[in-house]
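This report is meant for a reader meeting this structure for the first time. Please look over the sequence and the model below before reading on.

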Amino acid sequence: VRANLGLNTVPPSFKGLSGGGLWQTEVGRKPDGALVLMGKPRLEGCAFYETRPPGEYAYIRCHGRRSIYKHALASLSSGVR
């Protein structure tokens, strides 16, 4: 996930985000151009770290549900807990 740090609505840091939810939702537009959520948001994964290369963006690395299932099943299969 890319975050534009130059926007007023974006925090300057995402420290402490690890383990936070990654949500997916559909977004539409009203006739006046305003954004509106369509349907219910779905929990799709979790965030696990932030990178801050030089520039105006921060990047939040996330595990989606396929990645979580893949790693969880591999850990369970190998006996790692």
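What follows describes the overall build, the main pocket and several individual residues.

## Overall build

The model shown here is predicted, and its values should be read with that in mind. The protein contains one helix and four strands, and from the N terminus on these elements follow the order β-β-β-β-α. Strand S1 covers residues 2-4, strand S2 covers residues 21-29 and strand S4 covers residues 57-64, while strand S3 takes in residues 35-51.

Along its principal axes, the C-alpha trace of the protein spans about 55 × 35 × 15 Å. The radius of gyration is 16 Å, where a compact globule of 81 residues would have a value near 12 Å. Buried residues account for 14% of the 81 residues in the protein. Of the contacts between residues at least 6 apart in sequence, 36% join residues at least 24 apart.

## The largest pocket

Which residues line the largest pocket? The lining is formed by Val1, Arg2, Ala3, Phe14, Leu17, Gly20, Gly21, Leu22, Trp23, Ala47, Ile60 and Cys62, and the elements that give two or more residues to this lining are S1, S2 and S4. The largest share, three residues, comes from S2.

The volume of the largest pocket is about 360 Å³. Sorted by class, its lining consists of nine nonpolar, two polar and one charged residues.

## Glu44 in strand S3

Is Glu44 buried or exposed? Glu44, which is found in strand S3, counts as buried because its relative accessibility is 11%, and the cut-off for buried is under 20%. The side chains of Glu44 and Arg65 are joined by a polar contact of 2.5 Å.

When neighbours within four places in sequence are left aside, Glu44 is in contact with Leu22, Gln24, His63, Gly64 and Arg65. Among these partners, Leu22 also belongs to the lining of the largest pocket.

## The loop between S3 and S4

Arg52 is found in the loop between S3 and S4, and at 48% relative accessibility this residue counts as partly exposed. Not counting residues up to four places away in sequence, Arg52 touches Leu5, Pro12, Ser13 and Ala58. A polar atom of the Arg52 side chain lies 2.6 Å from the backbone oxygen of Pro12, and the C-alpha atoms of Arg52 and Ser13, although 39 residues apart along the chain, are separated by 9.2 Å.

Pro53 lies in the loop between S3 and S4 as well, and with a relative accessible area of 36% it is partly exposed. The C-alpha atoms of Pro53 and Leu76 are separated by 35 Å, with their positions 23 residues apart along the chain counted as the distance apart.

## Tyr57 and Asn4

Tyr57 is found in strand S4 and is partly exposed, its relative accessible area being 23%. Leaving out residues up to four places away in sequence, Tyr57 touches Arg2, Ala3, Asn4 and Leu5; of these partners, Arg2 and Ala3 are also among the residues that line the largest pocket. The C-alpha atoms of Tyr57 and Pro31, which are 26 residues apart along the chain, are separated by 31 Å.

Asn4 has its place in strand S1, and its contacts, with neighbours within four places in sequence left aside, are with Val10, Glu56 and Tyr57. In addition, the side chain of Asn4 reaches the backbone nitrogen of Gly6 at 2.8 Å.

## Gly19 before strand S2

Where is Gly19 placed? Gly19 is in the loop between S1 and S2, and at 55% relative accessibility this glycine counts as exposed. Not counting residues up to four places away in sequence, Gly19 touches Cys46 and Ala47, and Ala47 is in turn one of the residues that line the largest pocket. The C-alpha atoms of Gly19 and Asp32, which are 13 residues apart along the chain, are separated by 36 Å.

Notes
Residues are numbered from 1 along each chain as its sequence is written. This is a predicted model: local features need pLDDT of at least 70, side-chain atom pairs count only at pLDDT 80 or more; totals for chains, interfaces and linings use all residues. Side-chain values use heavy atoms; hydrogens and water are left out. On a 1 Å grid over the protein atoms alone, a cavity is a set of points where a 1.4 Å probe fits but cannot get out, and a pocket is an open set with protein on both sides within 12 Å along at least five of seven lines; lining residues have an atom within 4 Å of a point. Grid points are joined across faces, edges and corners, and a volume is the space filled by probe spheres set on the points. Ala, Val, Leu, Ile, Met, Phe, Trp, Tyr, Cys and Pro count as nonpolar, Asp, Glu, Lys and Arg as charged, and the others, Gly among them, as polar. Buried means under 20% relative accessible area, exposed over 50%, partly exposed in between (1.4 Å probe, protein chains only). A polar contact is a pair of N or O atoms within 3.5 Å; within protein, one must be able to donate a hydrogen and the other to accept it, and residues adjacent in sequence count only if both atoms are side-chain atoms. Contact means heavy atoms within 4.5 Å. The radius of gyration is taken over C-alpha atoms; the globule rule is 2.2 Å times the number of residues to the power 0.38.
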